[in-house]
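Thank you for asking me to look through this model. My comments are set out as numbered points, to be read alongside the sequence and coordinates.

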Amino acid sequence: MEKESLIQFLQNTNLVPFQKANEISNHFIYREIGKNEFFLKEGKICNEYLFLENGFMRAFAFDTGGKDVTTNFYSNNQVVFEVSSFFNRTISRENIQSLNDCAGWTITYEQLNMLFHTLHEFREFGRHILVKGFASLKVRMLSMITETAEERYEMLIKRNPEIFQFAPLKYIASYIGVTDTSLSRIRKEFAKK
């Protein structure tokens, strides 16, 4: 399999030159994940870091009432892993499941750490990815507190329109923190605009 998209992803930050990106990509293994297959199940330690070349996945956890709540969506050219479990080597409380057939490139915790410790460029790349992910998480957390459901829905349409192609509405509703009925009402109001 060709690793062009992985190499391009590594180079996008301008922190990793082509030769190093090519060297780093040799540590990644191609993986296909079938529709509805789990990349990670709660109760397990996340041991793989996935560059999702194509496909669509969602992360979710169960609330205290046993209801499944979507915590994130992942699409083409994004990194997929449960950061806390992966780096702290702790059991995950989150699930990550494909919503369609997916393919990408994985690296294990041990391999990734070896690269972090031996390649300055990869360490800087990893830091960039973590900061970007943390900032995104912070924005999402604050939006759940400071924005209305309508505002969260509108932002989702603007930033991630592909979610509406691949994710069932019940997953989108839980992601923006509303019931299916509320999402239906919000969608009808937006259709009128």
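The points below take up one helix, the internal cavity and several salt bridges.

1. The model is a predicted one, and the remarks that follow should be read with that in mind.

2. Helix 8, which spans residues 169-176, is mostly covered, since 6 of its 8 residues are buried. The buried positions are Tyr171, Ile172, Ala173, Ser174, Tyr175 and Ile176. These residues pack against two strands, strand 4 (57-62) and strand 5 (68-74), and also against helix 5 (120-146), helix 6 (149-159), helix 7 (163-166) and helix 9 (180-192). After helix 8 comes Gly177, which has a positive phi, near 80 degrees.

3. A search of the whole structure for cavities of 30 Å³ or more returns 1, and the volume of the largest cavity is about 40 Å³. Its lining is made up of Tyr49, Phe81, Phe87, Phe116, Phe122, Phe125, Gly126, Ile129 and Leu130. Helix 5 supplies the largest share of that lining, with 5 residues. In terms of class, 8 of the lining residues are nonpolar and 1 is polar, while none is charged.

4. Over the whole structure, the search for salt bridges finds 8. One of them joins the side chains of Glu48 and Arg31, with an N to O distance of 2.5 Å. This pair links distant parts of the chain, as Glu48 belongs to strand 3 (residues 48-54) and Arg31 to strand 1 (residues 29-33), 17 residues apart. Glu48 counts as partly exposed because its relative accessibility is 23%, where the cut-off for buried is under 20%. Arg31 and Glu48 are also linked with Glu37 in a network of salt bridges.

5. Within helix 5, a salt bridge forms between the side chains of Arg127 and Glu124, at 3.4 Å from N to O. The two residues are 3 positions apart in that helix, about one turn. Arg127, at 45% relative accessibility, counts as partly exposed, and Glu124, at 24%, also counts as partly exposed.

6. Helix 9 holds another such pair, Glu189 and Arg185, which lie 4 residues apart, about one turn of the helix. Their side chains meet in a salt bridge with an N to O distance of 3.1 Å. Glu189 has a relative accessibility of 33% and therefore counts as partly exposed, and Arg185 is partly exposed with a relative accessible area of 38%. As background to such spacings, an α-helix has 3.6 residues a turn, so residues three or four places apart point the same way.

Key. Residues numbered from 1 in each chain as written. Predicted model: local features only at pLDDT ≥ 70, side-chain atom pairs only at ≥ 80, totals over all residues. Heavy atoms only, no water. Buried < 20%, exposed > 50% of the residue type's maximum accessible area, 1.4 Å probe, protein only. Contact = heavy atoms within 4.5 Å. 1 Å grid on protein atoms, 1.4 Å probe; cavity = no way out; pocket = protein on both sides within 12 Å on 5 of 7 lines; lining within 4 Å. Points joined across faces, edges and corners; volume = space filled by probe spheres on them. Nonpolar A, V, L, I, M, F, W, Y, C, P; charged D, E, K, R; others polar. Salt bridge = Lys/Arg side-chain N within 4 Å of Asp/Glu carboxyl O.
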